[in-house]
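Work through the exercises below with the sequence and the model side by side. Try each task before reading its solution.

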Amino acid sequence: MAGIDGPRLGVTLYSFTPEWHAHEYTFAQLIEKVAELKLGPGLEIIGFQNIRDFPTVSKEFIAEFRDLMEKYELEPSALDGLIDKGIRSDRMLTPDECFEYLMPQMEATKALGFPVLRIAYGGFYEIAERMVPICEQMDVKIGIEIHAPHYPNHPTMVQLRELFDRLDTPYLGFVPDFGATTVKIPSVFLDGFQARGVPANVVQLTQETWTDARTSGTDPLVVRDQLREQVRAIGGDEYAQQFATFAFEYFGHAKPEDWIEIMPMVVHVHAKFFEIDEMGNEPSVPHAELVRVFRDNGYKGYLSSEYEGWQWQEAPDRLLDGFEIVRKHNRLGQRALEESRSKALA
């Protein structure tokens, strides 16, 4: 396990979405299982998925959650929320409405004892300055997730970085997602879409285009849109076009070292993974290198295991057990931290 000299391990309940949706576990049973398998100590939950009536949280739920944390010796690491700018059918939310939408989520984060509220970037830039005194008063940080196809130096993220620099507060930062740093398209993704009928020529074209873009450093958003048109031109249906689009929206081209310059702004980390091979490694994500980069550059927060390969399993009866694969990823995380510490001491 990691100590205070480096990152700590944890898990997000998003990893167990199939089990949750199938009603195989109650909320309390999910947490009990996390503790039983020693997947903590950090625990991240999804507000709109795991809490009925979120962002409203009852006194009873708050008490139950805090009791569960104490009983199983877990620590709240991050609460996942969002600003749903498109929640209305007639128009996008205004900045004032985005502010009002986020405030109850901040209150829930504080009430449940989470130090970080993780959200996506949409709708936040315009209200960031208004949130600073609220974050300071509540002692809650807001982390903007950097998820593929974005990367630390993408113009959207640079704009936020410059704003956060100007506001000069430790309460606004970023949540890197390891899925933004991948070395290949995961086989679970390719196999899942092929099993559902995506033609082999579309799969080959997508792999070649993705690899070329990664090598050349071309803007993945530009290549994504071009590829979608290419797939359509060769007869690919809407599902095949979606496959090509997703290849760029889930699997990013950032290099491990690209994260270094934003490290002082990192408030939480999604240690995203898609599969674990027979050797116990993640073949698509350079996990050990990422852990080393984050540890060596001073990150001491949580690395939250986030399993997303369940999205592309061929059929429900072939779904892998989420807890078993996260346990393997936890072992990979422990091994990576131990190797990083050994190299630092050498």
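The exercises go from the sheet to helix packing, then to buried positions and unusual backbone geometry.

The model is predicted: local features need pLDDT of at least 70, side-chain atom pairs count only at pLDDT 80 or more, and totals for chains, interfaces and linings use all residues. Residues are numbered from 1 along each chain as its sequence is written, and side-chain values use heavy atoms, with hydrogens and water left out.

**Exercise 1. The sheet**

Give the strand order of the open sheet and state which strands stand at its edges.

Solution. Start with the terms: helices (H or I, at least four residues) and strands (E, at least two) are DSSP runs, numbered from the N terminus. Two strands pair if DSSP finds at least two bridges between them.

Step 1. The open sheet has 8 strands in the order 6-5-4-3-2-1-8-7, and the pairing is parallel.

Step 2. Strand 6 (172–176) and strand 7 (269–273) each have a single partner strand, so one side of each is left without a neighbour in the sheet.

Step 3. On average, neighbouring strands of this sheet are turned by 30° against each other, direction ignored. Axes here are lines fitted to C-alpha atoms, for helices over the stretch in contact, and angles run from 0 to 180 degrees between N-to-C directions.

Step 4. Now take two of the pairs. Strand 1 (residues 8–12) and strand 2 (residues 42–46) are joined in the parallel sense over 3 bridges, with glycine 10 opposite glycine 42. Strand 7 and strand 8 (residues 302–307) are parallel over 5 bridges, and lysine 272 stands opposite glutamate 306.

**Exercise 2. An edge strand**

Decide how many residues of strand 7 are buried, and on which faces.

Solution. Buried means under 20% relative accessible area, exposed over 50%, and partly exposed in between (1.4 Å probe, protein chains only).

Step 1. Of the 5 residues in strand 7, 5 are buried.

Step 2. In a regular strand the side chains alternate between the two faces of the sheet.

Step 3. One side of strand 7 carries Val269, Ala271 and Phe273, the other His270 and Lys272, and all of these are buried.

**Exercise 3. Two packed helices**

Describe how helix 2 (residues 27–36) packs against helix 4 (residues 59–71).

Solution. Two packed helices are described by the angle between their axes and the distance between the axes.

Step 1. For helix 2 and helix 4 the angle is about 15° and the axes are 11 Å apart.

Step 2. That makes helix 2 roughly parallel to helix 4, since angles under 35 degrees count as roughly parallel, over 145 as roughly antiparallel, 65 to 115 as roughly perpendicular and the rest as oblique.

Step 3. List the contacts (heavy atoms within 4.5 Å). Phe27, Ala28 and Ile31 of helix 2 meet Phe61, Glu64, Phe65, Leu68 and Met69 of helix 4.

Step 4. Sort these residues: 7 are nonpolar, none polar and 1 charged. Ala, Val, Leu, Ile, Met, Phe, Trp, Tyr, Cys and Pro count as nonpolar, Asp, Glu, Lys and Arg as charged, and the others, Gly among them, as polar.

**Exercise 4. Buried positions in helices**

Find the surroundings of threonine 109 and the buried residues of helix 8.

Solution. Step 1. Threonine 109 is in helix 5 (residues 95–112) and counts as buried at 0% relative accessibility.

Step 2. Leaving aside neighbours within four places in sequence, threonine 109 is in contact with Leu79, Phe114, Val116, Leu117 and Val140.

Step 3. In helix 8 (residues 187–195), the buried residues are Val188, Phe189, Leu190, Gly192 and Phe193. They pack against helix 9 (200–216) and helix 11 (238–250).

Step 4. Glycine 192 has 0% relative accessibility. Its C-alpha atom is 9.7 Å from that of glycine 309, which is 117 residues away along the chain.

**Exercise 5. Unusual backbone geometry**

Where are the cis peptide bonds, and what phi does histidine 23 have?

Solution. Most residues other than glycine have a negative phi, and most peptide bonds are trans.

Step 1. Phenylalanine 54 and proline 55 are joined by a cis bond with omega about 15°; proline 55 sits in the loop between helix 3 (47–50) and helix 4.

Step 2. The bond from alanine 148 to proline 149 is cis too, with omega near 10°. Proline 149 lies in the loop between strand 5 and helix 7.

Step 3. Histidine 23, not a glycine, has a positive phi of about 60°, and at 70% relative accessibility histidine 23 counts as exposed.
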